[in-house]
Amino acid sequence: MKFESLLAEVGGFGRFQIALILLLVIPRVTLPFHFLMNNFIAAIPSHHCDITSLDADGVFENLTQEQRLTVSIPQHEDGTFASCHMFTEPQFHLLENSSDATELPVVQCQDGWEYDHNTFKSTLATEWNLVCDKKGMNKATATIFFSGVMVGAAVLGSLSDRFGRKRMLMVSYLSASFFAIASAFSTSYVMFAVMRFFTGMGITGISIISIVLCVEWSDIKHRTIVAVMISLDWSIFTMILPGIAYFVNDWRFLVVTATSPLALAIICWRWIPESARWLIANGRLAEAHHYLTRCASVNHREKSLKDFNPQTLATVIVTEGDRKYTYLDLMRTPMMRRLAVLTGFTWFGVAFTYYGISLNVAGFGLNIYLTQFIYGIIELPAKLLIYLSLDKMGRRYSQAGTLVMTGVCIAITILIPKDNWLPRTVVAVMGKGFSEASFTAVFLYTTELYPTVLRQNGMGFCSCVARAGVSVAPLISLLEETWTPLPQVLFCSIAIIAGLLALLLPETHNIRLPETIEDVEQTRKRSICLEDLRELQQATSLGSNAKSMTVI
């Protein structure tokens with residue numbers, strides 16, 4: 001008997017699976033909060049040089065604030081005041097003719113900056129003056145966080161395949177909580193950067209382990225809906241994030257607020273089941289039998305396992321004894337090597353473009369909170385679109401199509417002048433929707449492509465490659481100084497190339513999950529084979545007649 005048939009016996013999509021999804025939604029609330037929080041904690045409000053040094057003799061006493069700025073700070077052609085420069089001394093003649101300032105001597109800000117606190121009470125930029133020549137350090141905070149996510153994906157992915165999904169999930173909870181709270185109490189930029197790096201390391205485990213755990217407990221028929229359901233929390237809380245950031249506009253309190261759901265997740269961890277697939281693959285048959293029995297009980301299928309014992313499970317998944325799998329196993333055999341390369345490129349393209357769009361909420365000239373909300377709400381119809389597409393068109397064409405369409409939307413925004421903000425924003429939001437759809441697809445697709453013995457290693461490798469793309473994405477915007485459309489050209493190109501490469505991956509729709517490397521190396525047929533299909537149908541219809549089935 002294959003594991004899919006056994007799962008059908010105990011219920012492959014019932015109350016047990018719904019409860020598992022709900023338990024994993026609790027920690028996943030923090031994912032969009034932390035991954036997109038840089039839009040708010042690293043925001044740069046309007047600012048100008050501190051001009052108190054020019055008023056040493058009280059010469060500004062009878063001037064309004066606008067007049068003080070006029071005589072102290074140069075203006076751009078559009079009439080706005082410069083953010084990084086000031087005059088060497090007050091230029092009172094500008095009160096009569098403000099246009100006569102072309103050749104006046106200016107210097108960089110000498111005594112710091114004054115910030116507009118109407119939108120943000122405190123951000124990283126205002127805390128440590130990360131503006132002007134230090135603007136790159138402000139952008140780097142996102143890169144540092146996603147570098148931690150990249151390292152964490154590699155480490156926790158491997159450890160999860162070795163020590164189990166559930167155990168490493170708790171490690172992720174504790175490490176993410178500790179370092180996130182520590183970052184909120186940082187006393188210097190360096191301390192914040194270090195704590196943020198380790199926060200990223202911890203929190204990535206929640207992302208890659210939770211989706212694998214859900215899919216491994218789901219039957220073939222319901223894998224698509226389960227993957228879409230577990231990803232809905234990202235979209236919903238992406239919409240909620242700007243509301244929270246609006247009311248919690250101090251960066252330290254926002255970090256603590258974003259991390260708080262993990263306290264409840266730690267309490268609820270005890271009720272999360274370990275993956276029965278992983279337990280069987282690692283020879284822990286008694287524990288696997290315990291969780292399968294629990295699944296059958298919750299799904300009201302108690303009779304289905306009455307003739308099964310732990311020893312019977314040894315034939316469900318055949319593995320190479322006590323062998324320990326590592327990332328090197330992704331490259332040892334031809335099909336696994338090809339799979340790792342193609343999924344790596346696909347993940348890089350998905351993540352690079354998704355965060356290239358998501359971390360540019362201020363790039364369309366709209367209110368930052370409104371743009372973030374729109375970016376979140378467009379993901380809901382994108383979920384419906386990708387669910388229908390995955391079910392009707394399959395994984396491969398859905399993955400490739402959403403990536404290519406993301407690239408096309410980005411290309412169109414390049415051609416639309418910035419003055420036409422409405423059509424430009426509409427197309428960008430459509431691109432965000434396709435990008436989110438591609439992200440939803442790639443989690444499910446990758447989980448189905450890799451075998452149980454290497455599934456978390458595969459997810460960890462792909463997530464690591466993806467986070468390399470995410471780490472670069474915030475810095476790409478700095479290339480605007482070289483050529484304004486260059487960042488969008490890069491995002492567009494990578495999305496289309498990744499989409500075309502995804503076409504080289506095998507289809508996994510209605511195919512049972514591979515358990516071993518041998519399953520991947522052998523060509524899997526479209527759908528499950530007829531023998532397994534009959535077995536699965538018999539398992540579903542007969543229910544309590546498990547003893548009459550032959551154990552293969």
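**Exercise 1. Determine the handedness of the crossing of H16 and H20, and describe how these helices pack.**

*Solution.* The crossing of H16 and H20 is left-handed, a term used if the near helix is turned anticlockwise from the far one by less than a right angle. The model is predicted: local features need pLDDT of at least 70, side-chain atom pairs count only at pLDDT 80 or more, and totals for chains, interfaces and linings use all residues. Residues are numbered from 1 along each chain as its sequence is written, and side-chain values use heavy atoms, with hydrogens and water left out.

Step 1. The axes of helix H16 (residues 334-358) and helix H20 (residues 421-449) come within 9 Å and cross at roughly 155 degrees. Helices here are DSSP runs (H or I) of at least four residues, and strands (E) are runs of at least two, numbered from the N terminus. Axes are lines fitted to C-alpha atoms, for helices over the stretch in contact, and angles run from 0 to 180 degrees between N-to-C directions.

Step 2. H16 and H20 are therefore roughly antiparallel to each other, the term for angles over 145 degrees.

**Exercise 2. State whether helix H1 is enclosed by or open to its surroundings.**

*Solution.* Step 1. Buried means under 20% relative accessible area, exposed over 50%, and partly exposed in between (1.4 Å probe, protein chains only).

Step 2. In helix H1 (residues 3-10), 8 of the 8 residues are buried, so this helix is largely enclosed by the rest of the structure. Among them are Phe 3, Glu 4 and Glu 9.

Step 3. After H1 comes Gly 11, with a positive phi near 105 degrees.

**Exercise 3. Classify the aromatic pair of Phe 35 and Tyr 355, and locate both residues.**

*Solution.* Step 1. Rings of Phe, Tyr and Trp (its six-membered ring) pair if their centres lie within 6.5 Å; planes under 30 degrees apart count as stacked, over 60 as edge-to-face and the rest as tilted. The whole structure holds 29 aromatic pairs.

Step 2. For Phe 35 and Tyr 355, the centres are 6.3 Å apart and the planes differ by 35 degrees, a tilted pair.

Step 3. Phe 35 belongs to helix H3 (residues 30-36) and Tyr 355 to helix H16, 320 residues apart, and the pair links these distant parts of the chain.

Step 4. Phe 35 is buried, with a relative accessible area of 2%, and Tyr 355 is buried at 1%.

Step 5. Phe 35 and Tyr 355 also belong to one aromatic cluster, whose members include Trp 347 and Phe 439.

Definitions and conventions. Angles under 35 degrees count as roughly parallel, over 145 as roughly antiparallel, 65 to 115 as roughly perpendicular and the rest as oblique.
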